[in-house]
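Biologist: I'd like to learn how to read a model like this one. Can you walk me through it, starting with the surface?

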Amino acid sequence: MRQLVLRLMLLTTLFQALAICAFAEGSKDKLTAKDKSAILATLDHYRTAWLASNADGVRSVFTKDAVLMPHHGVAPVVGMEAINEFWWPKTTVKTTITKFTQTVDETGGGPELAYVRGRSEVAWTMEDHDKVEKWRNGSNFLALLVKQADGRWLISHLIWNDPPNQRVN
């Protein structure tokens, strides 16, 4: 029951955010070419930072109060401290992203709030002493971005869905 309530809350939040983008701004054509380019650059920086094992680079594309809404009904991850614990837990396992592609299918929004919808594929290795595991997955994603006073676009919400991870070896 609790998972159902959490899922309904996530869906409500997502629909509210999309409604803000769709109705408050009028149409997805309100983004300038410069803003679209900056938004796509933010997503590319996110992707390349993961590939470079650059945790600071990944964190740099998120607002301080960002929300991750992971797959499989996992509870939302709210704020940078929680994001750090979610993606970079203290462990002896070393995780390295070996492949990360993103396809953007849609961008929209207005002068201060935008969304990007697309698909991604990720592969990674997990090393713990002599044990090495290789994994991969693909998912759909939706990112909400907020324009900052300095003109940068940062991710405020990131939601993704995917099937269970697929072990390669």
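Modeller: Sure. Start with what the protein shows to the outside: about 10000 Å² is exposed, and carbon and sulfur atoms supply 56% of it. Keep in mind that this is a predicted model.

Biologist: What percentage of the residues count as buried?

Modeller: Of the 169 residues, 38% do.

Biologist: And how many helices and strands does the protein have?

Modeller: There are 4 helices and 7 strands. Going along the sequence, they come in the pattern α-α-α-β-β-α-β-β-β-β-β. For contacts, look at sequence separation: among those with a separation of 6 or more, 59% join residues 24 or more positions apart.

Biologist: Let's take one strand. Which strands does β1 pair with, and in which sense?

Modeller: To read a pairing, check the partner, the sense and the bridges. β1 (residues 62-69) pairs with β6 (residues 153-161) in the parallel sense, over 4 bridges. With β2 (residues 77-78), β1 pairs in the antiparallel sense, over 2 bridges. Val67 is a handy residue to click on: it stands opposite His157 in β6, and its bridge partner in β2 is Val78.

Biologist: Is β1 mostly covered or mostly open?

Modeller: Mostly covered, with 6 of its 8 residues buried.

Biologist: What about the loop between β1 and β2, where Pro76 has its place?

Modeller: Pro76 has a relative accessible area of 32%, so it is partly exposed, falling between the 20% and 50% cut-offs. Its C-alpha is 9.9 Å from that of His157, although the two are 81 residues apart in sequence.

Biologist: Is Ala114 buried or exposed?

Modeller: Ala114 is found in strand β4 (residues 113-128). It counts as buried because its relative accessibility is 0%, and the cut-off for buried is under 20%. Ala114 also lets you compare sequence with space: Asp35 is 79 residues away along the chain, yet the C-alpha atoms of the two are separated by 9.2 Å.

Biologist: Now the aromatics. How many aromatic pairs are there?

Modeller: The count comes to 11 aromatic pairs. For each one, read the distance between ring centres and the angle between planes. Tyr46 and Trp50 are 6.5 Å apart centre to centre, with 85 degrees between the planes, and form an edge-to-face pair. Both lie in helix α2 (residues 33-51), 4 residues apart, about one turn of the helix. Tyr46 and Trp50 are both buried.

Biologist: Why is the pair of Trp50 and Trp88 called stacked?

Modeller: Their planes are at 20 degrees and their centres 5.4 Å apart, so the pair is stacked; the angle has to be under 30 degrees for that. This pair links distant parts of the chain: Trp50 is in helix α2, while Trp88 sits in the loop between α4 (80-87) and β3 (94-109), 38 residues apart.

Biologist: How do Trp50 and Trp88 read on accessibility?

Modeller: Trp50 has a relative accessible area of 14%, so it is buried. Trp88, at 26%, is partly exposed. Trp88 has a charged neighbour too: Arg59 lies over the face of its ring, at 4.9 Å from the ring centre.

Biologist: Which residues form the aromatic cluster?

Modeller: Tyr46, Trp50, Phe62, Phe86, Trp87, Trp88, Phe100 and Trp160 form one cluster. Try selecting them together in the viewer.

Terms used: Residues are numbered from 1 along each chain as its sequence is written. This is a predicted model: local features need pLDDT of at least 70, side-chain atom pairs count only at pLDDT 80 or more; totals for chains, interfaces and linings use all residues. Side-chain values use heavy atoms; hydrogens and water are left out. Buried means under 20% relative accessible area, exposed over 50%, partly exposed in between (1.4 Å probe, protein chains only). Two strands pair if DSSP finds at least two bridges between them. Contact means heavy atoms within 4.5 Å. Accessible areas come from the Shrake-Rupley method with a 1.4 Å probe; for residues, only the protein chains shown count as cover. Rings of Phe, Tyr and Trp (its six-membered ring) pair if their centres lie within 6.5 Å; planes under 30 degrees apart count as stacked, over 60 as edge-to-face and the rest as tilted. A charge sits over a ring if NZ of Lys or CZ of Arg is within 6 Å of the ring centre and within 35 degrees of the ring normal.
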